[in-house]
Amino acid sequence: MSRFQVGYFVGSISSGSINRQLAQALIALAPERLAFCEIPIVDLPLYRRDYDDDYPAAGRALKDAIAAVDAVLFVTPEYNRSIPGALKNAIDWASRPRGTNSFAHKPSAVIGASTGRLGTAFAQQSLRSVLSFCNSPQMNAPEAYITVTPGLIEDDGRVTVESTEAFLRMFMEEFDAFIERVLTVLPPRA
Ligand code: FNR
């Protein structure tokens, strides 16, 4: 059975992040043929155009990490009705230098956890707009806006509410099928 490598971004760099917990839950519930690695964003300096002529190691490592996976998964909080600056900074790094956008043709999915009732809906719309510009084929449905209440997801990623667990499992099954569809018509570039 073929196996897809998924690189996941956690949009929060906070300790005790509920989005990191959600990422752990998604990994645990995903179909077995998906393998995961985190694409870290915490050590990236703020992007500036001056770097484009001689991309620093941190930027190259980020781009290499994205090139090495079949698809990317964004698990992000909402900050002030948009995505956290740390995540946007990472996307900006990966999109450059001009002509080497790492997200082009790379299948993606977006999900997020919030303590608020809207469950990162605005952040996800904002992220989708960015990913559209970056030419990433995105899974449109199911949408997943997760409101986290205390105890919903344990530290080890175990989901304590059965309906939420079933939904997250279905989300990852859909993502697996989406990756396969995209890669069938858009084989990865050599
Ligand atoms: C938030 N939070 C938040 N929640 C939300 O639903 N919509 C929002 O616009 C915001 N804005 C916001 C801005 C800033 C600067 C912070 C620090 C927080 C609350 C947010 O959902 C909550 O802190 C989550 O726990 C953040 O996710 P992580 O870091 O725990 O993964």
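Two strands count as paired here if DSSP finds at least two bridges between them; keep that in mind for the views below, which come from a predicted model.

**View 1. Strands E3 and E4 run side by side in the parallel sense.** Here we zoom in on E3, residues 71–75, and E4, residues 108–114, which are held in register by four bridges. Pick out Val72 and follow the bridge across: its partner in E4 is Ser108.

**View 2. The whole sheet is open, with five strands in parallel pairing.** Reading across, the order goes E2-E1-E3-E4-E5. The edges belong to E2 (34–38) and E5 (145–147); each has a single partner strand, so one side of each has no neighbour in the sheet. There's some twist to look for, too: on average, neighbouring strands are turned by 25 degrees against each other, direction ignored.

**View 3. Helix H1 packs on the sheet.** H1 covers residues 18–29 and touches E1 (4–10), E2, E3, E4 and E5. Set against the direction of E4, the helix direction comes out at about 130 degrees.

**View 4. Helices H2 and H3 pack against each other at an angle of about 80 degrees.** H2 takes in residues 57–67 and H3 residues 85–95, and their axes lie 9 Å apart. Angles from 65 to 115 degrees count as roughly perpendicular, so that is the label for H2 relative to H3.

**View 5. A closer look at the residues between H2 and H3.** From H2 come Gly59, Leu62, Lys63 and Ile66, while H3 brings Ala90, Trp93 and Ala94. Sorted by class, this contact has five nonpolar residues, one polar and one charged.

Conventions. Residues numbered from 1 in each chain as written. Predicted model: local features only at pLDDT ≥ 70, side-chain atom pairs only at ≥ 80, totals over all residues. Heavy atoms only, no water. Helix = DSSP H or I, 4+ residues; strand = E, 2+ residues; numbered from the N terminus. Axes fitted to C-alpha atoms, helices over the stretch in contact; angles between N-to-C directions. Contact = heavy atoms within 4.5 Å. Parallel < 35°, antiparallel > 145°, perpendicular 65-115°, else oblique. Nonpolar A, V, L, I, M, F, W, Y, C, P; charged D, E, K, R; others polar.
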